[in-house]
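Welcome, and please take a moment to turn the model around before reading on. The paragraphs below go through it step by step.

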Amino acid sequence: MNGIGFKKLKAIFNKYGGKCAYCGIDLNNENFTIDHITSFLKKDLLKHKNFGYNSIENLNPCCGSCNSRKRSRSIKEFKQFITNKCLKLLDELMFLDKTYKLKGEFDKVTFYFEIYEG
Ligand SMILES: [Zn+2]
């Protein structure tokens, strides 16, 4: 957050009422980060906008957790990333449920050897 004055920092923090622009969690000194909506790698995309890379229009208050997931993704790419991740997890969940015969009772994992009566 070097090079950003206190006034601007405060404006970014308050952009969405002190909440993360993406998940809506309350922001504080511990989890407050700043997301560049259009990342440095894609900053040429801002050429046709009337604001720059470090303008508040391109900066969102963001919790560390969301920022580490969004990285340099655009808003659209970030949404797709979350969707893909959920679909992958759902796949994995369905696989585990079927493989270990959990029938939705995910806290009752029993391995085969534990019930084997050979
Ligand atoms: Zn967040």
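**A walk through the model**

Lys103 sits in the loop that connects H3 with helix H4 (112-115). Keep in mind as you look that this is a predicted model. Is Lys103 buried or exposed? Lys103 counts as exposed, because 9 C-beta neighbours lie inside 10 Å, and a residue is called exposed at 12 or fewer. The backbone has something to show here too: Lys103 is not a glycine, yet its phi is positive, at about 50 degrees. Lys101, just after H3, also takes a positive phi, of about 45 degrees.

From that loop, step back along the chain into H3 itself. Helix H3 covers residues 75-99, which makes 25 residues. How far apart should its ends be? At 1.5 Å a residue the expected span is 36 Å, and the end C-alpha atoms are indeed 36 Å apart, so the two values agree. This helix is hardly covered by the rest of the protein: the count of buried residues in H3 is zero.

On the other side of H3, the loop between helix H2 (64-70) and H3 holds Arg71. Arg71 has a positive phi as well, near 50 degrees, and is a residue other than glycine. With 12 other C-beta atoms within 10 Å, Arg71 is exposed, because the exposed class takes in counts of 12 or fewer. Now look for His36: it is 35 residues from Arg71 along the chain, while the C-alpha atoms of the two are separated by 8.9 Å.

Next, widen the view to the whole chain. The protein has four helices and two strands, and from the N terminus on they follow the order α-β-β-α-α-α. With a radius of gyration of 21 Å, well over the 13 Å that the globule rule gives for 118 residues, the protein is more spread out than a compact globule. The C-alpha trace spans about 70 × 30 × 20 Å along its principal axes. Buried residues account for 10% of the 118 residues.

The domain assignment splits the protein into domain 1 (1-72) and domain 2 (73-118). Their C-alpha centres lie 33 Å apart. How many residues are in contact between the two domains? Six residues of domain 1 are in contact with five residues of domain 2. On the side of domain 1 that touches domain 2, three residues are charged, two are polar and one is nonpolar.

Finally, let us look for a core. In soluble globular proteins, nonpolar side chains tend to be buried together. Here the largest nonpolar core has six residues in all: Cys20, Tyr22, Leu27, Cys62, Cys63 and Cys66. Which residues does Cys63 touch, leaving aside those up to four places away in sequence? Cys63 touches Cys20, Cys23, Ile25, Leu27, Asn31 and Thr33. Across the protein, of the contacts between residues at least 6 apart in sequence, 56% join residues at least 24 apart.

Notes
Residues numbered from 1 in each chain as written. Predicted model: local features only at pLDDT ≥ 70, side-chain atom pairs only at ≥ 80, totals over all residues. Domains from an automatic or database assignment. Contact = placed C-beta atoms within 7 Å. Nonpolar A, V, L, I, M, F, W, Y, C, P; charged D, E, K, R; others polar. Rg over C-alpha atoms; globule rule 2.2 N^0.38 Å. Buried ≥ 20, exposed ≤ 12 C-beta atoms within 10 Å, placed from the backbone. Core = buried A, V, L, I, M, F, W, Y, C linked by C-beta atoms within 7 Å. Expected span 1.5 Å × (residues − 1).
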